[in-house]
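Hi everyone, thanks for making time this morning. I'd like to walk you through one structure, so please have a look at it before I start talking.

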Amino acid sequence: MNAMGQDAVKGENPGSCAVLSEPTKQGHFGVIVPDPLAAHNLERMISSRVEVIAIDDTSPLGPAAARTVQFGNMLHKSAVLSAVSTALCAPIPSNTVHKAMVGFCAASVGSAALYALLWQFDPLCKYQVDGRGESATELPTEVLRPGSSYILFVRKDDAARKVVHYSLAALSVGLCMRYAPEQLTAATDAAKLAVVGFTSRLL
């Protein structure tokens, strides 16, 4: 857990956010309420590696941040599930199945590539939405606004899941090269022609 003082990520506008000076079982909490400085406070909390961030659900910042995290999760799951589908198709001796296998492989590699380009450098990539609200049990009620509900973001290390989906995406390519080389070559040639055709229209 991170040991930091109460002023480490305190907003300039009193009441815009609050961080407990003493850590709970899960670490320091950051609380953000609707405020012009809310986005700035969120950035400071993320950079300070606050363990759990609670954003008042009346602030548009909470749902927007949750959608961003869901986008990253979608890319990860797409890379993994598509790679698993590739592996399931590999031993089936069917041209149609192997064409689908190449499609699953492309989806896995594409999702992993998008994760690398669009998500892994986003500050929120280290956080997950606590849909069950389990982290709320550690949040003292005195730092919350009466009658308000919050969207909770819990800091998680994403190193393991990056290794998983990058490895599986690479494995799916290897399986296609082993079990469906003709279909893979045909799909690659078609993709090259599509890129050339698209580029020629732009020029």
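**A nonpolar patch, and what lies around it**

Let me begin on the surface: Phe71, Met74, Leu114, Leu117 and Leu118 together make a nonpolar patch of about 500 Å². For patches, the residues must have over 30% relative accessible area and no salt bridge; nonpolar side chains (Val, Leu, Ile, Met, Phe, Trp, Tyr) are joined within 5 Å, and like charges within 9 Å. The areas come from the Shrake-Rupley method with a 1.4 Å probe, and for residues only the protein chains shown count as cover.

Before going further, a word on the ground rules. This is a predicted model, where local features need pLDDT of at least 70 and side-chain atom pairs count only at pLDDT 80 or more, while totals for chains, interfaces and linings use all residues. Residues are numbered from 1 along each chain as its sequence is written, and side-chain values use heavy atoms, with hydrogens and water left out.

Back to the patch. Which helices supply at least two residues each? They are helix 2 (61-89) and helix 3 (95-119). Helix 3 gives the most, with 3 residues, and Leu118 is found in that helix. When I say helix or strand, I mean DSSP runs numbered from the N terminus: H or I with at least four residues for helices, E with at least two for strands.

Now the overall picture. The protein chain has 5 helices and 5 strands, and from the N terminus on the order reads β-β-α-β-α-α-β-β-α-α. Its accessible surface comes to about 11200 Å², with 62% of that belonging to carbon and sulfur atoms. Of its 203 residues, 38% count as buried, where buried means under 20% relative accessible area, exposed over 50%, and partly exposed in between (1.4 Å probe, protein chains only). If you take contacts in the chain with a separation of 6 or more, residues 24 or more positions apart account for 71% of them; a contact here means heavy atoms within 4.5 Å.

Some individual residues give a feel for those contacts. Serine 111 is in helix 3, and at 9% relative accessibility it counts as buried. Leaving out residues up to four places away in sequence, serine 111 touches Leu75, Ser78 and Ala79. Its C-alpha atom is separated by 8.7 Å from that of methionine 74, 37 residues apart along the chain.

Serine 172, in helix 4, is buried too, with a relative accessible area of 1%. With the same four-place exclusion, serine 172 touches Ala83, Thr86, Cys105, Ser108 and Val109.

Alanine 65 sits in helix 2 and is buried at 4% relative accessible area. Again not counting residues up to four places away, alanine 65 touches Leu124 and Phe153. The C-alpha atoms of alanine 65 and isoleucine 151 are separated by 9.4 Å, with their positions 86 residues apart along the chain.

Over in strand 5 we find tyrosine 150, buried at 17% relative accessibility. Tyrosine 150 and isoleucine 55 are 95 residues apart in sequence, and 5.2 Å apart C-alpha to C-alpha.

On to charges. How many salt bridges does a search of the whole structure find? The search finds 1, with a salt bridge being a side-chain nitrogen of Lys or Arg within 4 Å of a carboxyl oxygen of Asp or Glu. Aspartate 158 pairs with lysine 126, the closest N and O atoms being 2.8 Å apart. This pair links distant parts of the chain, 32 residues apart: aspartate 158 is in the loop between strand 5 (150-155) and helix 4 (159-179), and lysine 126 in the loop between helix 3 and strand 4 (127-129). Buried or exposed? Aspartate 158 is buried, at 2% relative accessibility, whereas lysine 126 is partly exposed at 25%.

There is also a charge over a ring: the charged end of arginine 178 sits over the ring of tyrosine 179, 4.9 Å from its centre. The criterion is NZ of Lys or CZ of Arg within 6 Å of the ring centre and within 35 degrees of the ring normal.

One backbone detail for the torsion fans: arginine 49 has a positive phi of about 60 degrees although it is not a glycine. Arginine 49 lies in the loop between helix 1 (38-47) and strand 3 (52-56) and is partly exposed, at 47% relative accessibility.

That's my tour, and I'm happy to take questions.
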